[in-house]
Structure formats: C-alpha cells, structure tokens
Amino acid sequence: MLRGIPASQGVSRSNVVVLDRTRINPAKRSIVEADLAKEEDRLKASLTETRSQIVTMQNRLREAMGAKEALIFDAHLLVLEDPMLLEEVSRFIRKDLVSAEYAFYSASEKYADALSNVDDAYLSERAADVRDVTQRVLANLMGRPTCAGLGDLAEPCIVVAHDLTPSDTAMMDSTKVLGFVTEVGSRTSHTAILARSLRIPAVLGLGGMIGELRSGQSVLIDGFNGFVVIEPSDETLFEYGQLVERQASIEESLEIIHDDEAETKDGHRIILSANIELATDVEGVLQCGATGVGLFRTEFLFINRSDLPNEEEQFAAYRQVTESLAPAPVIIRTLDLGGDKLLSHVNVAEEMNPFLGWRAIRLCLEEKDLFRTQLRAILRASVFGNLKIMYPMVSGVEELEAANVLLDECREQLRAEGAAFADTIEIGVMIETPSAAMIADSLARRVQFFSIGTNDLIQYALAVDRLNEKIAHLYEPTHPGILRLIKATVDAGQAHGIWTGVCGEMAGEMAAVPLLLGLGVAELSVTPSIVPRVKMLIRSIEMAQARELAAFALDSDSPKEILARAEALAKAAVPDFFEGAA
Ligand code: PEP
Ligand code: MG
C-alpha cells in the first residue's frame, strides 16, 4: 500500500496505465543489405499505424472540444508526410545500413534541431511536433505501446503520471479515466481540481513511491485517505465495496435538497456558486443546484490549441454561459495565464519562479491586444444576463486601475461601433496576493465585490508552493495568518458595503466551510460536483456556531487546533460525509 495526498474523494479499482514521458532513444543497430526491403516495409507499416492513431485521437478531440482544437493534430499528420524528413530517413537506412528506428530518430533529431535553432516561435513549435510524432513512430516500430498522451487510452484505467498538465487533460477521454495517481502535485494543483470536477478519485504527490506502479497492474485507489493498494486482496475489495455503496446512497439523498437554498439552520443565506473551466461545463452548473458561476477560469479556452480564440469565439462562449444561467450571476475571470497554465503561442520565456512571474493581470496589461479582445467579448456578452468581471492576481490599486482603463477603452470602441453591452457591470478583484488582502480597504472603494483565491493566497502568504508535494503538509488553510488575511478582507469589504466570496479550493473543504461562514464570507464557489455536499453542510449548521468557531480560530496560534475544532463542527453536522476517512 502506498500513501499520497488525498486530492479527490472516492474509490476506484482498475488497471494502471503509466503515462510515459521518457523519450525513446534507440541505440544504433546495423542491418545487412539483404534486409533493406524488410526494414523499409517496417518503416512504412509504422508510419501507417502512427497515422491511424493520430487520426483517431483527432476525431476524439474534435467530438469533445470542436474542430478548432483538433487542428493541432494536422501539424502532426503533416510531419508524417514531410518529404524532406522521409527522404532523409530512407537515405540513412540505405546508405548507413542502420535500422529504421535509428534512422528515423537520427533524421528527425537533425531536422528538429535545425527548426528549433531558428529564432522563430512558429518553427520552434514545429520542432516539438516533429519530436512528438517521432516518439509515436518509434514506439510503433519497437512494439512498445507506451501511452504518450491521454488521448491514447483504449480501456478504462487509472492514470499514473509524474504530473498532468492542462494540455494533457484537455485531450483526455474522461470516460476512460477512473482515477489519477501522480508523483508531484497537491490538493490545489490542476490535476486535483480536475479530478474533483470529474468526480473521480485522485491520490497525488506520491513522490518516489510512484516507481512501484507499472502499466497493467491492478490497483485500488482510495481518494478519501490517499491510499493506493497494489493488487488488493478480496477482503480489501469487500470493505471498499461497502464504502462505495454507502457513498452512493449519500449522493442520492443529496438530490432532495437540489432546489433548496444554501441557508443555515438559523436563517443565514449564503450564495453557493460553481467554478467552471469551459462553456460546456454550464450543464453541470444547472444540474448541481448552484446559484450561478462564481469563477469562470477563461484561460482554458486558450490552452491546447495552435491559435488564439478570436473575439467572436470568446463572445459565443461567454454568452452561452451567461444566457443559460440568466438571471443567475456569472463571474467571468479574465485570463489567468502563466504559472502552471502556459500558452504555446504567447511567447513566455521559461521563468525561475513562474508563480511569481509574468502571469494573469501582469501578462494581460502588457499583451494589451490579447486583453482587449477578451474584454470586448465579455462586454458584448453582458447583455445576455447577469455577468460580472473579475481580475486575477491583482496586487495593487494601479493594476486594477490600468485594467479598468482598458475596459473603458473597449466600451468606447463598442459604443462607436454601435455594439450593445450592459450599462452597469459589476467589477471585482480576486484577493489572492497578501498585498491585496492588506490593501483591501483601498480596493474595496473601487470594486463591487471580492473573491478570495485561497489556492494562491495560501501559497503566497505561507511561502509554500501549491504544487510541491514535499511541503504539502505546510500548506495549511487553517493557519492563523491565512484566517486573519481573510478576515481583514471581509471586514474591509463590509466597511465599504461590498461582499466577499471564496473561490479557491478551501471553499469546498468540509471543515473550512463553517470557518469561512463564521468569518463573514457571503459566497462560496466550488466545483459543481461538491455543491450538493457544501449545501447540505450549510443547511446543517447554525451561523452562531460558525461565528463561535471563527472567534476561537482568530484567537488561536495553532493551525492544527483550529482544524480539529473546525472538523469536529463539520463532522457533527454531516457525519456521513466523513465516513470514508480512516
Ligand atoms: C485561487 O488561486 O484560489 C483560484 C481560484 O485561482 P486558480 O486556482 O485558477 O489560480
Ligand atoms: Mg489563483
């Protein structure tokens, strides 16, 4: 049994598929002249096989994400037909009398090197395509069906990887993935957030122990406690089977409160919203019983494609979400690129500390055209419902004001063009840097709402990388320093008549919910799959208890003591939810 960080609840059992990113680097193997024809036939067969794999993936992506996204694979198909590359491979085989794999590898490396040495973003990207395709061709030639990407999965499985990036998972066939296990990462990494939204269990941050897992092994993963059991015994399977049944019956019972308000027993109503990443997620919002969208992570519209979404495409996405949920509020967060969410076509140099680097509002204020296109699309969508705009990673008043200047420019342009947009649109900022929390009073004078991004606020305030499993135990949402920053934000907001929400993962942690309510948070925004549980918890406690807990927490020095008290309150209110925990 291996132990990692429990990042998404649930239990799954299936076979492991290790997402293998180790590059195949074939050794030089000589052939005799008599084998030339055979070698060329092998090469041909593997090119055909690779082509058909790519086309299958392309079709899958087209169905899931639309025609545009699937275009990425056109570049890969072109590599397979590239006459210059193929001629060079043939030449190597015939002239040097080497194996097809060695010839393909050598020719493609030479080609990719030449492409990446030209100082041009487009050509460097092509070098990456050549290398990707080469790995597929080599895997086929060598009969090594490694899983090079999540678009490749043939059977339902548990995916084991070093880490999963947004671009890996965008390509993933989610019906085939029953769980995630990763070497790095923790509760607020992209993989964790995605697993919770897909309702599949995840155990992350296994570190070196990940080496114990091999493709084909049967494993059980326990996302409640962070266990990965290799080749589980019948007894283990039986016990977990019962747990799964009980959890399923909890889910059913939550249906009853679907249309009810998120209101405490003593009558305090909380706005319970959902976090989404794509316009198509809006279905899940309608189904889960949330009031609206508290965080639309729009950068996911930009990831995994070879071009930028234009104004029309963005407008369609923002309109779809706003219109389907009207009159419920939809908070559209402007682009939060950078950090772990990278874009291939905006040239972002590799940074030493990407989370402290050129990301979010900082990037948008420099890439003004990119930002203006998004702001225009959002403004145009505003007439279709109750849309609000939120800026990410604001650390000072100047950034907010600069963003508003651009927003006003876009309003002027649209007015001149005769395009419609709502007269009043609420503007908010995310409070996710400690400086923003400390100047919350200055910010509150200039915006209509705050939403605390605890994922980042905690990493910046405690100086604990949110993705680093080695220090995951230091990432403590109940640290008094964090609670005081939240309290300061809420108080500053209230003093200026604006509300504060929380849209980081903390808002969906059972123990944290009463604490946040007690601190005066008015809105919680969580992934749609856990909205029913958060609602049930809110309906099972009294605001008076929550305030008492918050008062205790603000007076305590110990994150652990606060967590224990908070957990005790939540456990007493909804004991069933804690049943899976060992
Ligand atoms: C946060 O930082 O809490 C947040 C909601 O933003 P993201 O997770 O997208 O950085
Ligand atoms: Mg953030």
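Q: Is Asp-456 buried or exposed, and what is its relative accessible area?
A: In this predicted model, buried means under 20% relative accessible area. Asp-456 falls under that cut-off and is therefore buried, its relative accessible area being 2%.

Q: Which residues are the protein donors of the magnesium ion (ligand 2)?
A: Donors are N, O and S atoms within 2.8 Å of the metal. Two residues supply such atoms, OE from one and OD from the other, lying 2.0 to 2.2 Å from the ion; they are Glu-432 and Asp-456.

Q: How many residues apart are Glu-432 and Asp-456 in the chain?
A: Glu-432 sits in the loop between strand E13 (426-431) and helix H15 (434-438). Asp-456 belongs to helix H17 (residues 454-462). The pair links distant parts of the chain, and the separation is 24 residues.

Q: In what order do the eight strands of the open sheet stand?
A: The pairing in this sheet is mixed. Strand E1 (2-3) and strand E2 (5-8) each have a single partner strand, so they stand at the edges, with one side of each left without a neighbour in the sheet. The order is E1-E8-E7-E3-E4-E5-E6-E2.

Q: How many bridges pair E4 with E5?
A: E3 and E4 run parallel and are joined by three bridges, with Val-16 having Ile-158 as its bridge partner in E4. On E5, Val-181 stands opposite Val-160. E4 and E5 also pair in the parallel sense, and the number of bridges is five.

Q: Which residues of E4 point the other way from Cys-157, Val-159 and Ala-161?
A: Strand E4 (residues 157-161) is mostly covered, with five of its five residues buried. Cys-157, Val-159 and Ala-161 point one way from the strand. Pointing the other way, and also buried, are Ile-158 and Val-160.

Q: At about what angle to E3 does helix H9 run?
A: Helix H9 (residues 234-254) lies across three strands: E3 (11-18), E7 (218-222) and E8 (227-230). Relative to E3, the helix runs at about 120°.

Q: What is the relative accessibility of Ser-382?
A: Ser-382 lies in the loop between helix H13 (368-381) and strand E12 (386-391). Leaving aside neighbours within four places in sequence, Ser-382 is in contact with Leu-387, Phe-421, Ala-422 and Ile-425. Ser-382 counts as buried because its relative accessibility is 3%.

Q: How far apart are the end C-alpha atoms of helix H18?
A: H18 (residues 480-495) has 16 residues, so at 1.5 Å a residue it should span 22 Å. The distance in the model agrees with this: 22 Å.

Notes. Residues are numbered from 1 along each chain as its sequence is written. Chains are lettered from A and ligands numbered from 1 in the order in which they are written. This is a predicted model: local features need pLDDT of at least 70, side-chain atom pairs count only at pLDDT 80 or more; totals for chains, interfaces and linings use all residues. Side-chain values use heavy atoms; hydrogens and water are left out. Helices (H or I, at least four residues) and strands (E, at least two) are DSSP runs, numbered from the N terminus. The expected span of a helix is 1.5 Å times one less than its number of residues. Two strands pair if DSSP finds at least two bridges between them. Contact means heavy atoms within 4.5 Å. Axes are lines fitted to C-alpha atoms, for helices over the stretch in contact, and angles run from 0 to 180 degrees between N-to-C directions. Donors are N, O and S atoms within 2.8 Å of the metal (3.2 Å for Na, K and Ca); water is not among the atoms, so sites may look incomplete. Buried means under 20% relative accessible area, exposed over 50%, partly exposed in between (1.4 Å probe, protein chains only).
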